[in-house]
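User: I would like a close look at a single part of this protein, with the pairing and the side-chain contacts around that part set out in one connected account. Please place that part in the chain as a whole as well.

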Amino acid sequence: AFLELKDINWESKDFKVYSNKGTTIATKFKHLALNQYGGFSLTDGQADFYICDTAMVFDKMNFITSDSRLNMDLAFHYDSWGQLGDFVDSVNIVADIRPTDICMQDVAAFAPALRQMKETFHLKSGRFEGPVSDFKLIGLQAGWGHDTHINGDFAFQNITHFQKAHITANIDSSYINVPELAAFTLPNGKTIPVNKTLAQIG
């Protein structure tokens with residue numbers, strides 16, 4: 001399962017356990033480090049955390065990996081513990097994003113179909129809603145490379161099955177550096193087929 005963890009090292013305060021229609025565990029992580037069997041490795045993290053039968057929540061989250069810096073309020077919603085074993089399709093994710101650098105290699109630990117993607121995205125703000133396989137990005141301000149940036153609303157369907165993937169975009173503003181676009185890696189490991197002449201103009 002994608003949320004199977006190991007080598008967990010943590011320091012927290014205000015640890016509490018509630019029993020009301022199920023058990024809720026809450027704490028404030030001052031330091032959290034762990035490894036995930038898919039290859040994700042958290043080197044340091046802080047968050048206000050709670051977990052119960054239907055949700056796992058990291059408020060005021062600030063996580064650091066070797067390639068990513070994650071600053072957001074993050075929640076995983078599920079109907080039962082068993083759905084965590086079908087993370088890509090069954091766990092609904094809600095994230096309110098603050099300035100964040102996210103490397104796709106970290107994402108691929110939870111969605112192996114994206115493992116060929118190497119880019120790091122620079123996110124200024126936005127909201128993520130949905131499971132990994134079918135999600136929306138609302139009010140996103142994002143960029144990659146040195147110059148490319150894009151602002152708008154996006155919907156991604158079947159993103160983990162690239163041949164069936166469907167992307168809908170409502171773009172408010174953007175600036176595309178054509179050579180950076182030409183070098184962008186798709187989930188199938190290929191790059192975007194930008195015309196060579198257009199790349200020279202860019």
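The account below turns to strand β9 and its surroundings, and then to other parts of the chain.

Analyst: Since this is a predicted model, everything that follows describes computed features of that model. The protein chain has 4 helices and 12 strands, and the strand chosen for the close look is β9, which covers residues 120-130.

The pairing of β9 is best taken partner by partner. Strand β7, made of residues 92-97, pairs with β9 in the antiparallel sense, and 5 bridges hold that pairing. Strand β8, which covers residues 100-103, also runs antiparallel to β9 and is joined to it by 4 bridges. A further antiparallel pairing, over 7 bridges, is made between β9 and strand β10, residues 134-144, and the connection from β9 to β10 is a hairpin that passes through 3 residues.

Individual residues show how these pairings fit together. His122 of β9 stands opposite Asp101, and His122 also has a bridge partner in β10, namely Gly143. With respect to β7, the bridge partner of Asp96 in β9 is Arg127.

Asp96 and Arg127 are not only bridge partners in the strand pairing, for their side chains also meet in a salt bridge, with 2.7 Å from N to O. This pair links distant parts of the chain, with Asp96 in strand β7 and Arg127 in strand β9, 31 residues apart. Asp96 has a relative accessible area of 32% and is therefore partly exposed, as this class lies between under 20% for buried and over 50% for exposed. Arg127, with a relative accessible area of 28%, is partly exposed too.

Arg127 has a second salt bridge, formed with the side chain of Glu129 at 2.5 Å from N to O. Glu129 counts as partly exposed, with a relative accessibility of 29%. Elsewhere, salt bridges that share partners bring Lys28, Asp48 and Lys60 together in one network.

The stretch between β7 and β8 deserves attention as well, given that both of these strands pair with β9. Arg98 forms a salt bridge with Asp73, and the closest N and O atoms of the two are 3.3 Å apart. Arg98 lies in the loop between β7 and β8, whereas Asp73 belongs to strand β6, residues 69-77, so the pair ties together parts that are 25 residues apart in sequence. In terms of accessibility, Arg98 is partly exposed at 29% relative accessible area, and Asp73 is partly exposed at 22%. In the model as a whole, the count of salt bridges comes to 6.

Away from β9, the N-terminal part of the chain offers a surface of another kind. Leu5, Ile8, Trp10, Phe15, Val17 and Ile25 make up a nonpolar patch on the surface, and together they have about 560 Å² of accessible area. The element that gives the most to this patch is strand β1, residues 5-19, which supplies 5 residues. Trp10 is found in strand β1 and counts as partly exposed, with a relative accessibility of 44%.

Asp7 also lies in strand β1, and with 52% relative accessibility Asp7 counts as exposed, because the cut-off for that class is over 50%. When its neighbours within four places in sequence are left aside, Asp7 is in contact with Ala33, Leu34 and Asn35. The C-alpha atoms of Asp7 and Ser41 are separated by 9.6 Å, although the two residues are 34 residues apart along the chain.

Seen as a whole, the chain has a radius of gyration of 18 Å, and this agrees with the value near 17 Å that a compact globule of 202 residues would have. The C-alpha trace nevertheless spans about 65 × 30 × 30 Å along its principal axes. Buried residues make up 39% of the 202 residues. Of the contacts with a separation of 6 or more, 39% are accounted for by residues 24 or more positions apart. The protein chain exposes about 11,300 Å², of which carbon and sulfur atoms supply 53%.

Notes
Residues numbered from 1 in each chain as written. Predicted model: local features only at pLDDT ≥ 70, side-chain atom pairs only at ≥ 80, totals over all residues. Heavy atoms only, no water. Pairing = 2+ DSSP bridges. Helix = DSSP H or I, 4+ residues; strand = E, 2+ residues; numbered from the N terminus. Patch = residues over 30% accessible without salt bridge, like charges linked within 9 Å, V, L, I, M, F, W, Y side chains within 5 Å. Areas by Shrake-Rupley, 256 points an atom, 1.4 Å probe, with all protein chains shown as cover. Salt bridge = Lys/Arg side-chain N within 4 Å of Asp/Glu carboxyl O. Buried < 20%, exposed > 50% of the residue type's maximum accessible area, 1.4 Å probe, protein only. Rg over C-alpha atoms; globule rule 2.2 N^0.38 Å. Contact = heavy atoms within 4.5 Å.
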